[in-house]
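Good morning, colleagues. Please have the sequence and the structure open while I speak. I shall take a few residues in turn.

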Amino acid sequence: TARKLALAKLETQMRELNALNATLVATQNELIRAEKNASLVRIVAGISHKLNTPLGNGKLALSTLADELAETREQLASGKMTLGGLLAHLTTFDDAAHIARESVESALRLVSDFRSVIVDYEFDTPETVVLTTLFRTIIEDVRLTNPKARLQVDLAIADDLAITTYQELLGRVLGELVKNALTHGASSGGDVSMHIAAERRNGKTVIALEDHGIGL
């Protein structure tokens with residue numbers, strides 16, 4: 001009887017533990033969803049802020065174009081339009097159209113980047129990445145897209161150093177840093193050197209990129 005009572009008590013405790021574990025898992029998933037939603041809100045806010053500039057410029061250019069067209073029609077209707085005045089109006093038309101076109105293209109690029117981020121945000125899954133392999137791929141891609149540039153890289157990373165992360169997103173960030181160093185740091189001869197290191201520190205992996213170019 002004592003044994004059966006003890007077993008019954010253990011079974012009850014197991015059921016309680018299982019229920020508690022299920023609650024903890026559900027809570028964890030809810031926290032993850034909440035954090036993802038918060039991150040998404042920050043992303044949307046950032047994109048909205050960036051879109052304000054090209055859209056504002058485009059609106060101003062189109063408004064100027066509309067005013068200039070109205071004035072041109074008025075002068076043509078009244079017979080006051082001179083050849084010099086017409087050429088001046090045409091120049092303004094060209095300038096306003098150019099600004100509007102550039103603004104729209106800039107906005108479209110931002111929207112495209114935003115869509116890429118959302119796709120990665122929704123569907124990218126963590127995976128184990130060997131950092132030397134990732135960086136060698138990034139460096140090779142940068143060299144292929146910039147064949148005339150002379151990029152020297154000192155890769156100070158252990159061959160077996162691997163992390164579990166979102167490879168596509170991390171690769172994009174690191175690739176942009178390498179490309180920025182090449183674009184803005186190259187000397188007049190097109191040379192730029194980089195030192196890239198990674199190490200374990202306090203349970204985390206720290207990645208450091210340094211370029212020795214001319215700077216911004």
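His89 is found in helix α2, and I begin there in this predicted model. Is His89 buried or exposed? With a relative accessible area of 5%, His89 is classed as buried, because that value falls under the 20% cut-off.

Which residues surround this side chain? Leaving aside residues up to four places away in sequence, His89 touches Glu68, Glu71, Thr72, Gln75 and Met81. One of these partners, Gln75, also has a polar contact with His89: their side chains are joined at 3.3 Å.

I turn now to another residue of the helix. Leu83 also belongs to helix α2, which comprises residues 83-123. Leu83 has a relative accessibility of 62% and therefore counts as exposed, the threshold for that class being over 50%. What does Leu83 form together with Leu87 and Leu90? These three leucines make a nonpolar surface patch of about 300 Å². Helix α2 thus offers us two cases to set side by side: His89 is buried, whereas Leu83 is exposed.

My last residue is Thr132, located in helix α3, which covers residues 131-145. The relative accessible area of Thr132 is 2%, so this threonine is buried. Which residues does Thr132 touch, if those up to four places away in sequence are not counted? The contacts of Thr132 are with Leu155, Ile157, Ala158 and Asp159.

To summarise, His89 is buried in the model, Thr132 is likewise buried, and Leu83 contributes to the nonpolar surface patch. Thank you for your attention.

How values were computed:
Residues numbered from 1 in each chain as written. Predicted model: local features only at pLDDT ≥ 70, side-chain atom pairs only at ≥ 80, totals over all residues. Heavy atoms only, no water. Patch = residues over 30% accessible without salt bridge, like charges linked within 9 Å, V, L, I, M, F, W, Y side chains within 5 Å. Areas by Shrake-Rupley, 256 points an atom, 1.4 Å probe, with all protein chains shown as cover. Salt bridge = Lys/Arg side-chain N within 4 Å of Asp/Glu carboxyl O. Helix = DSSP H or I, 4+ residues; strand = E, 2+ residues; numbered from the N terminus. Buried < 20%, exposed > 50% of the residue type's maximum accessible area, 1.4 Å probe, protein only. Polar contact = N/O pair within 3.5 Å; in protein donor to acceptor, adjacent residues only side chain to side chain. Contact = heavy atoms within 4.5 Å.
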